[in-house]
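Here are my notes on the model, for you to read with the coordinates open. Please check each point against your own view.

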Amino acid sequence: GDRCIGVNGFQTLQRRHAMKKILLSMGVALLGCMGATSSAQTCPERNLLYWQAFPPGGESDLSARHQQVVLKKKCAAIDTIIQYKAGAGGGLMWGQMNQLPGDGLNVVGVNLPHIVFQPLEGQVQYKTQDVVPVFWFHYTPDALLVPESSPYKTFADFVKGAQADPGKISLGGSGLNSANHAAHERLNSVFKIKTNYIPYKGTGDMATAVIGAQIDGAMTYTPFAINNKGRVRALAVAMDKRHPLLPDVPTFKELGVDWVDGAYRGIGVPKSAPPEVKKRLSDLWMTLNTDPEMKELAARNGLELINIGMDQMDAFMKEKIMLYTEGAQRLGMGKK
């Protein structure tokens, strides 16, 4: 009898153990389902159209390509289709973005200070308030650079050359009334020199002219200097500290000017997009921006990541609009 009770007891234990395993596996499966559901909620239902206001080959395109890769990893069922509508230094696309459906499947690359400067200048078909940003993902510091073959080896050489022959040096940049344009005017103003600004449709379009020494240099951003090492020489960067990938290049602060600035890039949606669509896209871009692969790609290309989502958007935009409106007044923008 005792032996029988032992076997029964053992069988009961086995049954309990088996039941525990079943419940545990159900729990794991349930968690897996919940994970899939939450990921499915943040992933767009269909392919995403990602509209770019600049031509291929510039910093906006580069960051969109990074996001395309990381988004595919997170949302394998859909593709991100990058579309280009370049013109008017980005103003063409931003003037038309509210005609797109506000369905969460159309996102538009947006830039600061461009969306503040351009309406103040009055040559575009939109106002700053017409552009609805939902996430700002990085900033690229201003950088002055020259072709590798340039006689200007240092910033001091450059200033000396500009002072010796005012108006002789021509610097390229991306667009009119853009961050590059503003930085160019600032360069002339603070260092009391006169150089000419040559606007291009985007950084990609400008690359050939700078690398081929068809122009004397460019007022551009750090990624251009980093990605073209050996072909161009950076002379100064607008950062708090030297860039780790450009350790020999002084900051404007080191050169005696408190200048830390550049261009901010983010995504916007048409005004018709409901609040839940804005929030969903903002949260999705946050997960892209905090992905280890994104951090590595950004660091390698000189993109300084920032995470400004919907909860911080109003305060961030208020501060930037005030800052750039003051900057535009200094540049005499809109007084023509």
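The numbered points below cover cavities, backbone geometry, helices, aromatic rings and contacts between parts of the chain.

1. Status. This is a predicted model. Every value below is computed from it, so please read the points in that light.

2. Cavities. A probe the size of a water molecule, rolled over the atoms, shows where empty space is left. The structure holds 3 cavities of 30 Å³ or more. The largest cavity has about 80 Å³ of space.

3. Lining of the largest cavity. Which residues line the largest cavity? They are Phe54, Gly58, Glu59, Ser60, Asn111, His114, Ser174, Gly202, Thr203, Tyr221 and Arg265. By class, this lining has 7 polar, 2 nonpolar and 2 charged residues. Glycine is counted as polar here.

4. Helix 2. This helix covers residues 59-74, 16 residues in total. At 1.5 Å a residue it should span 22 Å. Its end C-alpha atoms are 23 Å apart, which agrees with that expectation. The buried residues of helix 2 are Glu59, Ser60, Asp61, Ser63, Ala64, His66, Gln67, Val70 and Leu71. Glu59 and Ser60 also appear in the lining of the largest cavity.

5. Cis peptide. Most peptide bonds are trans. The bond from Leu112 to Pro113 is cis, with omega near 10 degrees. Pro113 sits in the loop between strand 3 (106-112) and helix 4 (114-121).

6. Helix 4. Of the 8 residues of helix 4, 6 are buried, so the helix is largely enclosed by the rest of the structure. The buried residues are His114, Ile115, Val116, Phe117, Gln118 and Glu121. His114 is also one of the residues lining the largest cavity. Gly122 follows helix 4 and has a positive phi, near 80 degrees.

7. Positive phi outside glycine. Most residues other than glycine have a negative phi. Ala88 has a positive phi of about 55 degrees. Asn177 also has a positive phi, near 50 degrees. Ala88 lies in the loop between strand 2 (80-84) and helix 3 (91-96). Asn177 lies in the loop between strand 5 (170-174) and helix 6 (179-190).

8. Burial of these two residues. Is Ala88 buried or exposed? Its relative accessibility is 54%, so Ala88 counts as exposed; the cut-off is over 50%. Asn177 has a relative accessible area of 10%, so it counts as buried; the cut-off there is under 20%.

9. Ser150. This residue is in the loop between strand 4 (132-147) and helix 5 (155-164). Ser150 is buried, with a relative accessible area of 6%. A polar atom of the Ser150 side chain lies 3.0 Å from the backbone nitrogen of Tyr152.

10. Aromatic cluster. Tyr152 also belongs to an aromatic cluster, together with Phe155, Phe158, Phe191, Phe252 and Trp259.

11. Aromatic pairs. How many aromatic pairs does a search of the whole structure find? The search finds 13. One of them joins Tyr50 and Trp285, an edge-to-face pair with 5.6 Å centre to centre and 90 degrees between the planes. This pair links distant parts of the chain: Tyr50 is in strand 1 (residues 48-52) and Trp285 in helix 9 (residues 275-289), 235 residues apart. Tyr50 and Trp285 are both buried.

12. Tyr139 and Gly262. Tyr139 lies in strand 4. It is buried, at 13% relative accessible area. Its C-alpha atom is 6.5 Å from that of Gly262, although the two residues are 123 residues apart along the chain.

13. Ala225 and Gly302. Ala225 is in helix 8 (residues 222-227). It is buried, with a relative accessible area of 3%. The C-alpha atoms of Ala225 and Gly302 are separated by 8.8 Å, and the residues are 77 apart along the chain.

14. Val110 and Phe135. Val110 is in strand 3. Its relative accessibility is 0%, so Val110 counts as buried. Val110 and Phe135 are 25 residues apart in sequence and 9.4 Å apart in space, C-alpha to C-alpha.

Technical notes
Residues are numbered from 1 along each chain as its sequence is written. This is a predicted model: local features need pLDDT of at least 70, side-chain atom pairs count only at pLDDT 80 or more; totals for chains, interfaces and linings use all residues. Side-chain values use heavy atoms; hydrogens and water are left out. On a 1 Å grid over the protein atoms alone, a cavity is a set of points where a 1.4 Å probe fits but cannot get out, and a pocket is an open set with protein on both sides within 12 Å along at least five of seven lines; lining residues have an atom within 4 Å of a point. Grid points are joined across faces, edges and corners, and a volume is the space filled by probe spheres set on the points. Helices (H or I, at least four residues) and strands (E, at least two) are DSSP runs, numbered from the N terminus. Buried means under 20% relative accessible area, exposed over 50%, partly exposed in between (1.4 Å probe, protein chains only). A polar contact is a pair of N or O atoms within 3.5 Å; within protein, one must be able to donate a hydrogen and the other to accept it, and residues adjacent in sequence count only if both atoms are side-chain atoms. The expected span of a helix is 1.5 Å times one less than its number of residues. Rings of Phe, Tyr and Trp (its six-membered ring) pair if their centres lie within 6.5 Å; planes under 30 degrees apart count as stacked, over 60 as edge-to-face and the rest as tilted.
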